[in-house]
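What follows is a walk through one model, sheet by sheet and helix by helix. Please keep the sequence and the coordinates open while reading.

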Amino acid sequence: MALTERQKDLEGPLTMWVINENRRRGSSVSLDELELKANELSAILTPELDDYEIEQVRLAVTHKGSISQGVDVGIVDRTFRRWLGERKTSTDERRWSAYKGLLTARGWAPQVVEALERQTDDVVELLGDPTIPAPWARRGLLMGEVQSGKTATYIGVLNKAIDYGYRVIIILGGHTNDLRNQTQARVDQDLTGTNSSFLEDNIRGAGEQMRTGIGLVDRTLSTIGMTTVRRDFSASSRLASTVWVDTGVPTVFVIKKNVKMLENVASYIRAQAGPQGFDLPLVVVDDEADWGSPNTADPDTDPTRVNKAIRSLLDVSSRSTYLGITATPFANVLIDHTVEDDLFPSDYIRALASPSNYLGVGTYFDADSDVVTTEVEDCLQALPLKHKKDHPFRALPASLEDSVISFMVGVAIRRLREREPQPASMMVNVSRFNQVQALVHREVEEFVSQVSAVIATEFKRPTEQPRSELASKVEQVAYRHYSTQLTTEHSWRKVADSLFDIHLEFRTDLVNNQTAKDRANARRLMSQEQREAHDARPVIFVGGDVLSRGLTLNGLQVSYFIRRPSSADTLLQMGRWFGYRPGYDDLVRIWMPAKVEEIFGNVARISQELREDLREMQVYDLTPRQFGLKIRLIPEIAIVAANKRRAAAVEEVTVNLHGQVKQSVNMAEAHKKRNHDAVVEFLRSASLLGHPYRTRGQTAAWRSVPLTAVEGFFSVFTAHETDIFFGTDARGGNPQIMRFLSDAKNSSEWNVVVVSGSGPEVALTLDREGSDERLRFKSSVRNKLQPNNPVSGSYHFKNQQVASPTDLASSLTEEVYVRLRKEVEEGKPLDEVFAKRYVTHPTLMLYAVTTSQSSEGDPPMVTITADEPLWAVRVVFPPLDLTDPKDVERQGRGEKILVNSVWQEQFFGIDPEPEDFDEEVDG
């Protein structure tokens with residue numbers, strides 16, 4: 001809700017008082033002090049405001065989103081006392097030391113281990129001091145990235161938590177047996193140090209055979225494990241009947257996230273505690289906390305059974321802490337914070353940083369990435385995104401055959417690189433129905449046999465002998481997807497020989513709920529050596545949703561993904577290709593529909609925006625109860641399922657463009673000449689009216705270009721009508737960007753930069769005062785430019801990215817660039833996150849876009865030459881200076897965002913009813 005003019009008369013002075021008072025004290029004002037000052041100022045400046053209106057102003061000042069970039073109020077949670085530092089010197093961190101040794105032995109870089117040590121210190125402190133007498137309870141959440149090593153982080157937290165006094169550890173290890181078993185195996189290695197395969201109900205003690213992982217680093221560590229790799233918790237098991245949790249030795253449960261198991265563990269602990277109750281410090285780690293844990297029932301009814309069971313489990317101890325772990329916390333931050341004892345992370349949320357070798361969304365969905373292949377129409381024809389459970393599937397589409405061949409070729413290349421064979425896998429995820437998955441698996445298995453037979457019979461023949469069509473296809477696919485490796489690393493002949501050596505190793509595995517029991521039984525009958533040999537074989541996993549969350553596919557190299565989930569959180573979790581690919585990151589390939597690729601890029605951006613909000617909350621030292629969170633809505637996909645956002649609302653709120661970048665992402669063939677003439681005329685004016693300045697990486701740049709010249713340019717330059725900011729409407733009116741130009745900070749004087757790329761040279765004749773002076777620079781090559789509509793001649797920049805992330809840094813002055821380089825850690829790129837902070841004036845960046853033949857020989861989707869480049873633009877709005885009263889009062893424009901109950905309370909002073917709205921979702 002926007003403040004009235006009279007409320008703004010109070011908001012400005014109150015904000016300046018907070019800023020000045022914080023600076024004078026060197027610490028933050030309290031909420032009580034802020035309330036007193038608001039009443040005092042209102043009595044003088046705005047006596048007509050009532051108590052409710054004054055409260056709205058106070059909440060607007062405390063909430064970072066209410067005034068531009070937010071006021072640095074920095075309100076601290078006074079109820080939480082930092083405790084870890086004073087106990088560091090008196091605590092023997094035996095488990096943490098052993099865990100560090102284990103990670104180091106696995107080859108973790110020292111700086112990564114050091115970063116993990118700082119990270120775990122922070123989280124363990126936030127868990128709460130286990131020595132404080134009962135009662136207390138804390139709720140928190142860690143946001144990692146998909147496949148980024150969240151398990152390694154929370155196991156590190158648990159090792160350190162045990163060192164500091166936590167005695168009961170319960171890990172909710174996923175919602176399927178596969179996930180729980182995978183988590184248990186990891187806990188055996190990294191937390192208990194005991195191989196739980198030897199801990200079946202009637203097997204007691206297996207000597208040194210039981211020691212594994214961390215238990216081999218420090219053989220004195222002792223832990224009671226209540227579950228095993230083969231079995232979830234059972235109150236009737238021999239372990240449960242002979243062990244009491246209150247022994248002083250840490251007790252660890254790894255259980256599946258279902259109601260029965262949660263209730264069993266809670267009942268068991270209550271029975272052990274007896275009538276006196278249970279007060280041992282308890283940690284419940286909820287892995288994939290956005291799945292199953294949030295209450296999806298109507299707020300006016302009883303909570304869902306899993307949600308209720310988790311809360312009941314936490315209640316077994318009068319000293320408990322809940323730590324949620326997820327890469328997609330949208331559902332968690334949208335929990336109603338006013339519901340008592342629910343799982344809203346009221347005490348803290350932390351966004352975990354990933355090491356530099358993590359391959360995330362930016363790797364795969366960058367505008368210039370060649371990892372993703374979107375030519376999968378043949379699969380969509382055979383198996384549409386929406387299909388029934390009995391849909392026929394009789395033959396592999398050619399694109400899926402290509403992906404299987406590329407996997408086999410990639411493994412052959414890896415075998416030539418690796419001293420010892422490493423796990424290698426492929427994922428085929430094309431349907432959520434088990435029956436369809438079985439049909440696909442059968443066809444994939446048959447095709448692998450056919451390729452293997454061809455390799456066996458033809459790849460050792462002299463090259464001059466005729467080859468079968470399939471043998472020729474194998475070679476063609478190899479060159480199409482791995483031409484760089486075949487020209488710079490190993491010849492095709494050598495790779496073909498490697499294929500011959502390993503062709504019998506490839507296997508396929510159907511992974512879904514129907515096959516889980518048979519797979520588990522087959523594995524149980526294998527010896528340790530047989531399991532290791534089985535796991536070492538390259539495998540193609542065919543499945544659906546079981547492959548889509550939590551499960552780690554070791555050595556995942558190729559993904560064939562023809563799915564379109566209805567929500568953003570599900571989509572990100574399906575990206576099993578995110579993670580670490582040491583030694584074979586250049587061999588990773590993904591097949592998916594073009595529209596799904598586009599949605600991935602959009603979802604990645606809203607996820608990054610949420611991470612930035614969380615970092616800001618951490619900088620201000622606010623808790624999630626004090627800091628309202630928002631999630632920008634994106635077209636064509638919901639953020640979370642409707643039942644996970646019952647407490648959220650969609651609001652039209654004030655969001656300005658300060659510190660943001662807007663770019664023309666949809667361009668039109670029909671406007672090419674008009675835009676070219678507009679650019680030439682504008683640069684002629686900029687060179688006459690502005691002052692040239694030297695940058696680190698660009699050819700031409702001017703400062704102090706008048707706003708009138710920029711407005712004149714945008715009155716002529718136009719993108720396609722579908723472009724939100726730079727396109728004209730159906731009546732040919734001015735583009736939306738014109739509404740924001742004068743709102744920019746220091747808008748009277750603009751910087752103008754002609755961005756020089758790596759393509760063919762462009763020469764513009766400026767004709768200044770009768771001269772024929774020519775401005776020369778290199779064009780920007782964009783081979784991923786997509787023809788949206790060949791009839792209307794519209795082009796679309798992939799993932800809505802016109803530029804490279806480092807372009808802005810290279811457009812700064814030489815002096816500012818040097819300052820920026822000193823600030824940013826050595827080895828990190830100077831991307832826009834850092835560079836935007838040094839932008840003091842609005843900046844217009846001009847791009848002459850061309851296309852060219854790729855290194856693999858594939859023609860671009862469209863052909864654009866340097867003689868007639870496609871011009872595109874980016875506008876960078878400078879961030880606000882919160883010590884400047886004028887900046888504090890600047891207003892922006894509105895857009896639709898999903899806001900949580902804290903945000904609603906802070907903006908409205910009440911909890912409004914959720915507003916119904918329409919979303920286009922794909923079921």
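The model is a predicted one. A convenient place to begin is the sheet formed by β1 to β7. Its seven strands make an open sheet with parallel pairing, and across the sheet the order reads β3-β4-β2-β5-β6-β1-β7. At its edges lie β3 (224–225) and β7 (348–351), each of which pairs on one side only. The edge strand β3 runs parallel to β4 (residues 251–255), and two bridges join them. Within this pair, isoleucine 224 has threonine 251 of β4 as its bridge partner.

Two helices can be placed against this part of the sheet. Helix α8 (residues 177–192) lies across β2 (168–172) and β4, and runs at about 160° to β4. Helix α11 (residues 259–273) also packs on the sheet, where it touches β2 and β4; its direction makes about 160° with that of β4.

Next come the helices that precede these strands in sequence. A salt bridge joins the side chains of lysine 100 and glutamate 117, with an N to O distance of 3.4 Å. Lysine 100 belongs to helix α5 (residues 94–105) and glutamate 117 to helix α6 (residues 110–127), so the pair ties together parts that are 17 residues apart in sequence. In the model as a whole, the count of salt bridges comes to 37.

Helix α6 also meets helix α7 (residues 150–163): their axes come within 9 Å and cross at roughly 60°. The two helices are therefore oblique to each other, and the crossing of α6 past α7 is right-handed. On the α6 side the contact is made by Leu116, Glu117, Gln119, Thr120, Asp121, Val123, Val124 and Leu127, and on the α7 side by Ala152, Thr153, Gly156, Val157, Lys160 and Ala161. Sorted by class, these residues are seven nonpolar, four polar and three charged. Glu117 thus appears twice, as a partner of lysine 100 in the salt bridge and as a member of the contact with α7.

Two backbone details deserve a stop here. Most residues other than glycine have a negative phi, and most peptide bonds are trans. Against that background, the peptide bond from alanine 134 to proline 135 is cis, with omega near 0°. Proline 135 lies in the loop that leads from α6 to β1 (136–143). Glutamate 288 is not a glycine, yet has a positive phi of about 55°. This glutamate 288 is found in the loop between β5 (282–287) and α12 (305–314).

Further along the chain there is another open sheet. Six strands form it with parallel pairing, in the order β8-β13-β12-β9-β11-β10. Strands β8 (372–373) and β10 (507–511) are its edges, and each pairs on one side only. Inside the sheet, β12 (residues 556–561) and β13 (residues 589–591) pair in the parallel sense over three bridges. Valine 558 stands opposite arginine 589 in β13.

Helix α16 (residues 398–417) packs on this sheet and touches β9 (425–429), β11 (539–543), β12 and β13; its direction makes about 175° with that of β12. The helix α16 has a helical neighbour as well. With helix α17 (residues 434–458) it packs at an angle of about 55°, the axes being 11 Å apart. That makes α16 and α17 oblique to each other, because their angle falls outside the ranges that count as roughly parallel, perpendicular or antiparallel. The crossing of α16 past α17 is right-handed. In the contact, Leu400, Glu401, Val404, Ile405 and Met408 of α16 meet Val440, Val444, Phe447, Val448, Val451 and Ile455 of α17. By class the contact holds 10 nonpolar residues, no polar ones and one charged residue.

Which residues join α18 to α19? The axes of helix α18 (residues 469–488) and helix α19 (residues 492–502) come within 11 Å and cross at roughly 120°, which means that α18 is oblique to α19. Their crossing is right-handed. Val474, Glu475, Ala478, Tyr479 and Leu486 of α18 meet Trp492, Val495 and Leu499 of α19. Seven of the residues in this contact are nonpolar, none is polar and one is charged.

Notes
Residues are numbered from 1 along each chain as its sequence is written. This is a predicted model: local features need pLDDT of at least 70, side-chain atom pairs count only at pLDDT 80 or more; totals for chains, interfaces and linings use all residues. Side-chain values use heavy atoms; hydrogens and water are left out. Two strands pair if DSSP finds at least two bridges between them. Helices (H or I, at least four residues) and strands (E, at least two) are DSSP runs, numbered from the N terminus. Contact means heavy atoms within 4.5 Å. Axes are lines fitted to C-alpha atoms, for helices over the stretch in contact, and angles run from 0 to 180 degrees between N-to-C directions. Angles under 35 degrees count as roughly parallel, over 145 as roughly antiparallel, 65 to 115 as roughly perpendicular and the rest as oblique. A crossing is left-handed if the near helix is turned anticlockwise from the far one by less than a right angle, and right-handed if clockwise. Ala, Val, Leu, Ile, Met, Phe, Trp, Tyr, Cys and Pro count as nonpolar, Asp, Glu, Lys and Arg as charged, and the others, Gly among them, as polar. A salt bridge is a side-chain nitrogen of Lys or Arg within 4 Å of a carboxyl oxygen of Asp or Glu.
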